[in-house]
Amino acid sequence: MKLTLIKSTAQQQLQLVKFNQLLAKLTRSDRCSDCLRLFTQIHSSQYPKPDHYTLSAAITACANLRESAFGNQLHAHAVSTGLRAYPHVANTLLSLYAKAEDLDSARRVFDEIESPDVYSWTTVLSACTKLGCVEDAWEMFDKMPRREVAVWNAMITGCVENGHTEVAVRLFSEMHRVGVRHDNYSFASVLSVCSVEALGLGRQLHSLVVKTGYLVRASVVNALLTMYFNCGRVFDAYEVFEEAEAEVYDQITFNVMIDGLLTVGRDNEALEVFREMQEASVSPTELTFVSVMGSCSSAGVGHQVHAQTIKMGFEGCTSVSNATITMYSSCGDLHAAHMVFERLEEKDLVSWNTMISSYAQRNFGKSAILAYLHMQRAGTDPDEFTFGSLLARSECLEIVEMIHGLASKNGLLLQIQVSNALVSGYSRHGKIKQAYQIFHNIYPRNLISWNTIIAGSLLNGCPIQGLEQFSQLLNTELGPDVYTLSLILSICASISSLQHGKQVHGYILRFGLFSETSLGNALLTTYAKCGVLDWSLRVFNAMVERDTVSWNALISAYAQHGQGEDAVNCFEAMQDSSGVEPDQATFTAVLSACSHAGLVDDGTRIFNSMVKIMA
C-alpha cells in the first residue's frame, strides 16, 4: 500500500510537470485562453494539485489577456495556498496588475514581497512611468538598493513615453557617468527623442554606438535610421545602412529604409531597397508591402509587387489590398483596382473609402455613389472622408443635397471636412447662398474653409463678398496661404481693381512670398487686366522662376493691349529660354495677338511651327 502510494504520488508529480510544460508552451504560443482553460481543468480535478509553476503560468496568461477578474481570483488562490511567497508568482502578479494599469494593486503586491528582485523593481517602476506617475517612479528609483541596466532603461523609456525627453537624456548621461554600461534598449530609447533640434546629440550617440560596438544590434541600427530620416538626413541614414553588417538587418530595418525614402519622394530608391530585402532573404511584412505599393509610379511595377503579395499570401490582408487599390487607382488602372476590391473578403472602412475616392478622382461620380450604396448594404458606416470624396466630384445639385441629408443623418455635419466639401459642392452648382449658410455654421474654421468660400464667391460672380471674406480672414490667427492670395488676385483681375491688387502685392512682398511662381503669374495677369501693362512687365522681369504660365500670361497681356509685335517677340524669347515649352494656350494667345494686329506673316509662321510641334 505504501509503495502504491509512493508510486501514485510520483506519477502525479510527473503528470503535473507535463501539465506545467504544456501551460508554459500555450502561453509562449499566444494561446492564453487555452492555457486558462487547461488550468481550470487541473484546478477542478482532485489530483494533481496546481503548484507555484502552474499558478505562475496561469497568471501570465491572464496578464497577456488583460483578464483582471480571473487574475484577481488567482491572486486570492495564491494567498490562500501560500504560493504567493514564491518570487516568480509574486512577479507575475506584478506583471498582471501593471498590464491592467492597476497601479494600486501592483504597489500592494510589491510591498508584500519580502525581498524584491530586479524584475520586481523594474516592473513597478515601468508601471509608474507608463501611467504618468513619474514622481512616484523617481521615489522608487531613489530607494533601490541596486540599479542595474534594466532599471535605468525602465526609467529612461518611461520618461520618453511621457514626454520628459530632457530628463531621459540626463538619466542616460548619469548612467554613463556612474559606469553602468548602456545596452541596445538604452540607445534605442534615447535616439527616439533626437529631433532636428537635437541632431547634435543624435550624432554623439551615433559615435558612442560605434565606439561601444552596438551597431551589430538591429534595434540600434533601426533607431539610428529612424532618427536620421526624421531629421531629413537621408545621406546619413544611407551611411548607417551601409555601415552596418548585412547580417544585422531585420524586417524593421528594411521597412524603415523603404518608408523613409518614400517620405522624401525617392520612390525608385525605395523600390531598390525592397529588391535588396528580397535578395537578402528577409521576408517582407504587411507594412513592407503597404509602403512599397506607395512607391509604384507605373502599373507595370505595381503588377510585379502585387504578384509578390499574392505569392507570399498577403492578398487577403486588408491593409495590403487597400494599398494595392490606391496604387492601381493612382496609375489610372481603375479596372485592376476594382478587381482587387472585389476579391477582398474583409473590407473595412478604408477599403470602401479608397474605392469611392478612386471613382470620384476619375470623375466617375455615379460609380462612386453606387459604391457608397453597396457600402451601406454591407453594414459599414461612412465617415467624413466618405462624404468628402462623394462631394468632391458631385455631378449634380441633387447629389449634393442627398449627401447633405445623409451627413446630417449620420451626425457628421460638425466634421469640418464634410462642411468644407458641402460649401464647395453648393458653390460649384451655383447655390452660393446655401454655401454661405453652411460656412457661417462652421466653427472653428480652418484655412480650407476660408479658401473654399472665397473660391465659391469668385466662381459665382460675387467678387465683393470674396474680398470681404478675405478681409475677415486677415483678422483671424490663420492668415492666407499662396492659394488664398491667388484667388484674391483673380478676384481683383475680374473686377479690374488696381487698388486691391496693389494691396495684395504689398502683402506678398511683406511676407516674402514673391518667390512663389504662381503668385507672380497671378500678379502679372491682374496688372494686365487693370490696364497697367508696364507693371505686368516689371513683375515678369522680377520673377525668380518663370514657367509656361508666366510666358502665356505676358503674351496674353500684350495681346489684350493690342501690342502684337511685342507678343510675337515674347513668344520667340520663350522658345529661346531653357526648360519652358509652349503649349496650346501659348499658341492661342500669340495667334490671337497676330490676328488683332494684322501680323499675317508672323501668324502663318507661328501656325506652321505649331503644326510641327503638335504633330
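**Notebook: pockets and overall form**

I began with the second largest pocket, which holds about 280 Å³ of space. The model I am reading is a predicted one.

**Entry on the second largest pocket.** I listed the lining and found 15 residues. Nearest the centre of this pocket lie Gly-388, Ser-389, Ala-392, Gln-417 and Ala-421. I then asked which elements give two or more residues to this lining. They are helix 21 (349–361), helix 23 (384–392) and helix 25 (416–428). Helix 23 supplies the largest share, with 5 residues. I sorted the lining of the second largest pocket by class and noted 6 nonpolar, 8 polar and 1 charged residues.

**Entry on the largest pocket.** I turned next to the largest pocket, where about 340 Å³ of space lies. Its lining consists of 17 residues, and those closest to the centre are Ala-98, Thr-123, Ser-126, Ala-127 and Lys-130. Two or more lining residues come from each of helix 5 (87–99), helix 7 (118–130) and helix 9 (149–161). Which helix gives the most to this lining? I found that helix 7 does, with 7 residues. By class, I recorded 5 nonpolar, 8 polar and 4 charged residues in the lining of the largest pocket.

**Entry on the whole chain.** I looked up the secondary structure of the protein chain and counted 36 helices and 0 strands. I then checked whether the chain is spread out or compact. The radius of gyration is 34 Å, whereas the globule rule gives 25 Å for 615 residues; the value is well over the rule, so the protein chain is more spread out than a compact globule. For the extent along the principal axes, I noted that the C-alpha trace spans about 125 × 60 × 50 Å.

**Entry on burial and contacts.** What percentage of the 615 residues is buried? I recorded 47%, where buried stands for under 20% relative accessible area. I also looked at contacts in the protein chain with a separation of 6 or more, and found that 58% of them join residues 24 or more positions apart.

**Entry on the surface.** Last, I looked up the exposed area of the protein chain, which comes to about 31400 Å². Carbon and sulfur atoms supply 52% of that area.

**Closing note.** I keep two items for a return to the model: the largest pocket, to which helix 7 gives the most lining residues, and the second largest pocket, where the largest share comes from helix 23.

Note on methods:
Residues are numbered from 1 along each chain as its sequence is written. This is a predicted model: local features need pLDDT of at least 70, side-chain atom pairs count only at pLDDT 80 or more; totals for chains, interfaces and linings use all residues. Side-chain values use heavy atoms; hydrogens and water are left out. On a 1 Å grid over the protein atoms alone, a cavity is a set of points where a 1.4 Å probe fits but cannot get out, and a pocket is an open set with protein on both sides within 12 Å along at least five of seven lines; lining residues have an atom within 4 Å of a point. Grid points are joined across faces, edges and corners, and a volume is the space filled by probe spheres set on the points. Helices (H or I, at least four residues) and strands (E, at least two) are DSSP runs, numbered from the N terminus. Ala, Val, Leu, Ile, Met, Phe, Trp, Tyr, Cys and Pro count as nonpolar, Asp, Glu, Lys and Arg as charged, and the others, Gly among them, as polar. The radius of gyration is taken over C-alpha atoms; the globule rule is 2.2 Å times the number of residues to the power 0.38. Buried means under 20% relative accessible area, exposed over 50%, partly exposed in between (1.4 Å probe, protein chains only). Contact means heavy atoms within 4.5 Å. Accessible areas come from the Shrake-Rupley method with a 1.4 Å probe; for residues, only the protein chains shown count as cover.
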